[in-house]
Amino acid sequence: MFEYAPAPESRSVVELDSSYGLFIDGAFEAAKDGATFKTVNPATEEVLAEVATAGPEDVDRAVAAARHAYGAWSALPGAERAKYLFRIARIIQERSRELAVLESLDNGKPIKESRDVDLPLVAAHFFYYAGWADKLPYAGFGPDPKPIGVAAQVIPWNFPLLMLAWKVAPALATGNTVVLKPAETTPLSALFFADVCRQAELPPGVVNIVTGAGDTGAYLVAHPDVDKVAFTGSTEVGREIARTVAGTGKRLTLELGGKAANIVFDDAPLDQAVEGIVNGIFFNQGHVCCAGSRLLVQENIAEELLASLKRRMDTLRVGDPLDKNTDIGAINSAAQLARITELSEIGAAEGAERWSPACQLPERGFWFAPTIFTGVTQAHRIAREEIFGPVLSVLTFRTPAEAVEKANNTPYGLSAGIWSEKGSRILAVADKLRAGVVWANTFNKFDPASPFGGYKESGYGREGGRHGLEAYLA
Amino acid sequence: MPKSSKAVAVAENARLTVRKTYKLYIGGKFPRSESGRTYLVDGDNVALASRKDARDAVVAARAAQSGWAGATAYNRGQVLYRVAEMVEARRAEFTALGVPAGELDAAVDRWVWYAGWSDKIAQVAGGANPVAGPFFNISAPEPTGVVAVVAPAGLLGLVSVIAPAVVTGNTTVVLAADPQIAITLAEVLATSDVPGGVVNILTGRYAETAPWLAAHADVNALDLTGVEHAELAAELERAAAGTLKRVIRPPDGGIDLSADPGLKPMTALLETKTVWHPKGY
């Protein structure tokens, strides 16, 4: 393996305040009771800033601000709403380096991913939905589609700003106003986004950001003056939210966990498949709901493929997220690291064979070496439960029918991958997979024009594309 | 530094204005007419395009077409949005040319409207087809190719025929009605990341150049929106029939520029491509 000199991105492009308030009605303010929490850099455990914890009264004010802003915002001609969103898209493009570094600081993801994946997709998402704002009658949801009202949006920590974009852009384009709660371990990019809204001169109250932990989110989604709830996160919390919303008449979309099968047939181009497997599970430290966490490989090529995969994994660079050479950054939090560690220990205890490349992990911060388990059966917990980390379970199959059977043998249904040179096989297998996104000879591809979302217990509703408008139209 | 009104007056008297030369816009450059001809419009000597200029413009449009169509829809949308930004920035210049404020607003907003269509038209005009058999079958729109356009008057008229053609990946040869406005728009396009040759603008008498474009074998579609005489329009349509060009006829009673343009200005310049692929293990 080649030695690489460090190529650190400068963190001086981000100016952090020591503390941040809630963004309500166009202004930053402290929580009513003054409560705060700390957000840390998971790569160093350094405290980045103190952030306000929104209590019930704060959420009430945020919802009231969104309600107040709703009348004028929803009455604006679509072409005018569009221009606000185009402005936001442009400002994000202009500030993308700053926001990419901020995202890597707060989240731990490699700068090459925040710079080349997250930020370009964030800007593109706003650009895409900006264009829909004045074209809603053409979207196929009736001649005069109407917004729903105030949307409560709760997003996860794995792609903080991208998940914000997926929530906020379609909501605003369709004329809704929002109260958004970012995850408690990654609140900063949402607060910087509040500043982007101010730069764009977005009317106060159209976007409100309340920071806090699970309690804040639970109070927000249960709020009686919220008309629409959108959540991305774990299936467990999604279930809880569905129970809360049941009987209230609120609209609900959920984008939850996954345990995607990445199916490699014996006619697949192996080198390409290995790249896809690595990208599928190690992209963003495996903190990806659609990660290809179950590798289903045809038995007759399993040995060759695994040898090649291990060789490739030997070259992965784990470490400083701000180093432009880094492939795998920090695990987002101590709690997540504990969960990955626990499930991996269970995997070994249940009889699967564990392997990681030799790699030096930094002493401070939260780290987990890329790991694969072979000899995994469908009964093993590491084959059934979402680990949400850089851990791959490898299973084998003999026939396409068996591959489909095993791929679908999960309560989840978010995504899947198929590797084969035979087009007809790809399409036939794709037809049989119970998953919302199927990647063929590629993996983890995202585009604002392409709908994303799950079957079964991976949630309901789609984000992205023309389909993504439906969740925000009455 | 604040100037006294007297000083300004002296400066105005002392300094001679540098005038702009209005030339053609072909392949991203601003050449004079190869014919060497000009004609007088509002005190400016404006290039009078010839048959040869029209043919050169077709060559430039054809050369640019595959690259422009091959750019991602997202990229084309960004470029069109950039055009809107640049038109907005040149308000003063368009105003000085007599474009009313309301028309300027509408022209900027129309660029923005079409910019947004770049990555949406396929989802509205295309889709999966549920054929009765084990086949993947999908239809998607593709640009027709090179479009010759007789543009209606005014900035909004120009924008309303250029933007729907180029947003989907067509390239154009535009015969403009108002030379100064059209060439000022060309200067906008030249500074907006629109690749050279995507929009080519000819000033002059369209009755002279349009017949050559209507019969040109390397032009795929003909937009006659700006043709005022029904008889000439019919003649051009007949000439276009020789190569089975797609023809947009002039709307009855002229184009209503204030109406929602709808999809037709785009779909009239699109082909539908349907792909079949078998499914089976």
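Two residues count as in contact here if their C-beta atoms, placed from the backbone, lie within 7 Å. Keep that cut-off in mind for the interface. The model is predicted, and what I say today comes from computing on its atoms.

I'll take the interface between the two chains first. On that cut-off, 23 residues of chain A and 20 residues of chain B take part in the contact. Where on chain A do they come from? Three helices, α2 (78-94), α4 (111-132) and α14 (423-432), each supply at least two residues of the side that touches chain B. By class, that side of chain A has 13 nonpolar, four polar and six charged residues.

Now chain A as a whole. DSSP gives 14 helices and 18 strands in this chain. Its radius of gyration is 22 Å, and the globule rule gives 23 Å for 474 residues; the two are close, so chain A is as compact as a globular protein of that length. Taken along the principal axes, the C-alpha atoms of chain A fill a box of roughly 65 × 50 × 35 Å.

One helix pair in chain A is worth a look. Helix α5 (residues 160-173) and helix α6 (residues 188-199) of chain A have axes that come within 8 Å and cross at roughly 50 degrees. α5(A) and α6(A) are therefore oblique to each other. The crossing of α5(A) past α6(A) is right-handed. Which residues make the contact? From α5(A) they are Pro160(A), Leu161(A) and Leu164(A), and from α6(A) they are Ser189(A), Ala190(A) and Phe193(A). By class, that is five nonpolar, one polar and no charged residues.

On to chain B, starting with the parallel sheet. Five strands form an open sheet in the order β7-β6-β5-β8-β9 of chain B, with parallel pairing. At the edges are β7 (199-203) and β9 (246-248) of chain B, each paired on one side only. Ignoring direction, neighbouring strands of this sheet are turned by 15 degrees against each other on average. Strand β8 (residues 221-223) of chain B pairs with β9(B) over three bridges, in the parallel sense. Within that pair, Ala221(B) stands opposite Arg246(B) in β9(B).

Two helices pack on this sheet. Helix α7 (residues 154-166) of chain B touches β5 (146-150), β6 (171-176), β7 and β8 of chain B, and its direction makes about 170 degrees with that of β6(B). Helix α8 (residues 179-190) of chain B touches β6 and β7 of chain B, and its direction makes about 155 degrees with that of β7(B).

Chain B also has an antiparallel sheet. Three strands form it, in the order β3-β4-β10 of chain B, and the sheet is open. β3 (127-128) and β10 (270-278) of chain B stand at the edges with a single partner strand each, so one side of each is left without a neighbour in the sheet. How many bridges join β4 (residues 135-143) of chain B to β10(B)? There are nine, and the two strands run antiparallel. As one example, Asn137(B) has Trp276(B) as its bridge partner in β10(B).

Last, a hairpin. Strand β1 (residues 38-41) and strand β2 (residues 44-47) of chain B run antiparallel and are joined by four bridges. Val41(B) is bridged to Asp44(B) in β2(B). Two residues lie between the strands of this hairpin, and in the turn Asp42(B) has a positive phi of about 45 degrees.

Definitions and conventions. Residues numbered from 1 in each chain as written. Chains lettered and ligands numbered in written order. Predicted model: local features only at pLDDT ≥ 70, side-chain atom pairs only at ≥ 80, totals over all residues. Pairing = 2+ DSSP bridges. Axes fitted to C-alpha atoms, helices over the stretch in contact; angles between N-to-C directions. Parallel < 35°, antiparallel > 145°, perpendicular 65-115°, else oblique. Left-handed = near helix turned anticlockwise from the far one by under 90°. Nonpolar A, V, L, I, M, F, W, Y, C, P; charged D, E, K, R; others polar. Rg over C-alpha atoms; globule rule 2.2 N^0.38 Å.
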